[in-house]
Each structure stands twice: as C-alpha cells, then as structure tokens.
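Student: I would like a close look at a single helix of this chain. Please take me through the part and its surroundings in one connected account.

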Amino acid sequence: LQQASVLFRHGDRSPTINCMDPHVQPAAQEAAAWAKMLPTDKFQMKLGIAFPVVSEHSATRDERLGIFGSMTQMGVYQMYRLGRVLAGRYFRGKLLEPHGTF
C-alpha cells in the first residue's frame with residue numbers, strides 16, 4: 001500500500017449561531033452552557049503547539065466565531081481517537097510507512 005485517503009467530518013461542535021435574540025437572558029444562558037463544553041485555553045494552547053494551524057486569516061475560524069461554531073471537548077477527543085485508530089491500522093499494522101505528513 002503506497003497511499004491511503006481518508007474522508008471524515010470534524011468532531012462535535014457547538015452550534016454555529018445562537019438563534020435567540022442576543023438581548024434576552026436565555027441567549028446568555030445558552031452561550032454560558034456551551035462555553036463550559038469547550039476546551040480550556042491551556043488545552044487549546046497545547047494543541048496549537050502540537051498541531052500548528054496555518055491560515056491566511058489573522059484568527060482561526062474558531063477564534064472568529066467565539067463560543068459558537070467551536071469544537072467541543074468531545075469533538076477534540078473524537079478526532080484524537082480517530083487518529084489513534086488510523087495510526088494503528090496503517091502504521092502499526094505496517095500497511096504504510098509514516099513520512100511525517102499526515
């Protein structure tokens with residue numbers, strides 16, 4: 001096997017927008033509830049060091065959208081698990097040799 005192409009969708013994310021009028025209390029409550037589900041700043045910094053994002057924008061998509069549209073802690077875990085499964089299948093299973101680009 002010389003190459004494998006994998007198509008997958010991102011892990012769990014918060015909704016892209018808050019559908020409520022931003023000036024009502026439930027809108028703030030919904031934003032606060034989603035904020036609790038996002039990775040901490042410290043964890044995001046570690047991810048940024050381990051997996052740098054190259055973007056033509058000064059801020060990543062998640063930074064531009066704030067709470068809404070961001071990957072949740074569960075989404076990060078789902079992507080980690082997918083990476084482990086793929087590495088096990090293709091690299092540890094000796095079907096492919098890692099070349100440093102994934």
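Tutor: In H4, the buried residues are Gly-75, Val-76, Leu-86, Ala-87 and Tyr-90. Helix H2, residues 41-50, is part of what covers them. This is a predicted model, and H4 has the highest mean pLDDT among the elements of the protein chain, at 87. The lowest mean, 60, belongs to H3.

As for geometry, H4 is made up of 20 residues. From its first C-alpha to its last it reaches 27 Å, close to the 28 Å expected at 1.5 Å a residue. Just after H4, Lys-94 takes a positive phi of about 65°.

H4 also contributes to the surface. Tyr-77 lies in this helix, and at 47% relative accessibility it counts as partly exposed, because that class covers values from 20% to 50%. Together with Met-74 and Tyr-80, Tyr-77 forms a nonpolar patch on the surface. The accessible area of these three residues comes to about 350 Å² together.

On the other side of the helix start is a loop, which runs between helix H3 (61-65) and helix H4 (73-92) and holds Thr-72. Thr-72 has a relative accessibility of 3%, so it counts as buried; the cut-off for that class is under 20%. Leaving aside neighbours within four places in sequence, Thr-72 is in contact with Asp-12, Arg-13 and Ser-14, with Trp-34, and with Met-37, Leu-38 and Pro-39.

The chain as a whole gives the setting. Its secondary structure comes to four helices and zero strands, and from the N terminus on the elements run α-α-α-α. Of the 102 residues in the protein chain, 17% are buried. The accessible surface of the chain comes to about 8300 Å², and carbon and sulfur atoms account for 59% of that area. Among contacts between residues at least 6 apart in sequence, 72% join residues at least 24 apart. The contacts of Thr-72 with Asp-12, Arg-13 and Ser-14 can be inspected alongside that figure.

On confidence, the protein chain averages a pLDDT of 79, and 82% of the residues score at least 70. Against that average for the chain, the mean for H4 is 87.

How values were computed
Residues numbered from 1 in each chain as written. Predicted model: local features only at pLDDT ≥ 70, side-chain atom pairs only at ≥ 80, totals over all residues. Heavy atoms only, no water. Helix = DSSP H or I, 4+ residues; strand = E, 2+ residues; numbered from the N terminus. Buried < 20%, exposed > 50% of the residue type's maximum accessible area, 1.4 Å probe, protein only. Contact = heavy atoms within 4.5 Å. pLDDT = per-residue confidence, 0-100. Patch = residues over 30% accessible without salt bridge, like charges linked within 9 Å, V, L, I, M, F, W, Y side chains within 5 Å. Areas by Shrake-Rupley, 256 points an atom, 1.4 Å probe, with all protein chains shown as cover. Salt bridge = Lys/Arg side-chain N within 4 Å of Asp/Glu carboxyl O. Expected span 1.5 Å × (residues − 1).
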